[in-house]
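Q: Could you take me on a close look at one part of this model, the place where two helices meet, and show me what sits around it? I'm new to this, so please go step by step.

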Amino acid sequence: MSEVKKDKPIRVVIADDHAMVRDGLRRSLEYAGMEIVGEAADGMEAVALVRKLDPDILLLDLSMPKHDGFEALRDLRADGHVRHTRVIVLTAEASTNDVAKALDLGARGLVLKALATEKLVLAIQTVMAGGAWVGLGPVKDLQTYLRTHLPEKPSGRADNYGLTKRELQIISGVVSGRANKEIAQRFGIAEDTVKHHLSNVFDKTGVSTRVELVVFAIKHNLPIDELD
């Protein structure tokens, strides 16, 4: 009788300049079955560890010496690591502008340190499943959240980044929170066709996730429609 294979544990790097905070997070996540593959005391160390270890999750404190969390996000985004490693930022407090800025730079979520032990495992699971997490819980209506908190530009680029009419329709579906199957049904096309268009959209806009695409569409005021 063959042995049942277990899922691989989620591999995590913790970046915080306080050793006691890192220790507490490590204990909580190890208890939940996750593997802590590295710890960093500043933003530069965090970036180096992600580049070296390619973890599933980076827990990134926003306020750290040498490089703060925003600078680390910019570095990781520049070399493409946010395509592979999902970043959740940790902070004692955050303005709505900070949240929107972190999402814009590629973070998948934000967890308040006061709630870290209570909410962090759920936040990681949500982000690993492709969702977003802000503060107390998952963000179901990311479009409304970002429209409220992201400053919009007056208009997008004249050529709309080379996006076709069909690609803009696909983006409308993503911004409205629809899955690929629902988008396919809405526009009367195959689900594989939706995936193909999304791949082209990611290439043209330089994003790598649906969350980043929503941010991009709203920030650059793309001509998209809200779907019923």
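A: Let's start with the whole chain: of its 228 residues, 49% count as buried. Keep in mind that this is a predicted model. The chain has 10 helices and seven strands. If you look at contacts with a separation of 6 or more, 66% of them come from residues 24 or more positions apart.

Now zoom in on helices H8 and H9. Helix H8 covers residues 180-187, and helix H9 covers residues 191-205. How do you describe a meeting like this? For two packed helices, you give the angle between their axes and the distance between the axes. Here the axes of H8 and H9 come within 8 Å and cross at roughly 105°. Angles of 65 to 115 degrees count as roughly perpendicular, so that is what H8 is to H9.

Which residues make the contact? On the H8 side, look for Asn180, Lys181, Ile183 and Ala184. On the H9 side, you'll find Glu191, Val194, Lys195 and Leu198. Sort the residues of this contact by type and you get four nonpolar, one polar and three charged.

Stay on H9 for a moment and find His197. Is His197 buried or exposed? Its relative accessible area is 15%, and buried means under 20%, so His197 is buried. What does His197 touch, once you skip its neighbours within four places in sequence? The answer is Arg166, Glu167 and Ile170.

Back in H8, go to residue 187, where the helix ends. That residue is Phe187, and Arg186 lies over its face, at 5.3 Å from the ring centre.

While we're on rings, a search of the whole structure turns up one aromatic pair. The partners are Tyr161 and Phe216, arranged edge-to-face, with 5.0 Å from centre to centre and 70° between the planes. This pair links distant parts of the chain, since its members are 55 residues apart. Tyr161 is in the loop between helix H6 (142-149) and helix H7 (165-175), while Phe216 belongs to helix H10 (residues 210-219). Are these two rings' residues buried or exposed? Tyr161 has a relative accessible area of 17%, so it is buried. Phe216 is buried too, with a value of 10%.

Notes. Residues are numbered from 1 along each chain as its sequence is written. This is a predicted model: local features need pLDDT of at least 70, side-chain atom pairs count only at pLDDT 80 or more; totals for chains, interfaces and linings use all residues. Side-chain values use heavy atoms; hydrogens and water are left out. Rings of Phe, Tyr and Trp (its six-membered ring) pair if their centres lie within 6.5 Å; planes under 30 degrees apart count as stacked, over 60 as edge-to-face and the rest as tilted. Helices (H or I, at least four residues) and strands (E, at least two) are DSSP runs, numbered from the N terminus. Buried means under 20% relative accessible area, exposed over 50%, partly exposed in between (1.4 Å probe, protein chains only). A charge sits over a ring if NZ of Lys or CZ of Arg is within 6 Å of the ring centre and within 35 degrees of the ring normal. Contact means heavy atoms within 4.5 Å. Axes are lines fitted to C-alpha atoms, for helices over the stretch in contact, and angles run from 0 to 180 degrees between N-to-C directions. Angles under 35 degrees count as roughly parallel, over 145 as roughly antiparallel, 65 to 115 as roughly perpendicular and the rest as oblique. Ala, Val, Leu, Ile, Met, Phe, Trp, Tyr, Cys and Pro count as nonpolar, Asp, Glu, Lys and Arg as charged, and the others, Gly among them, as polar.
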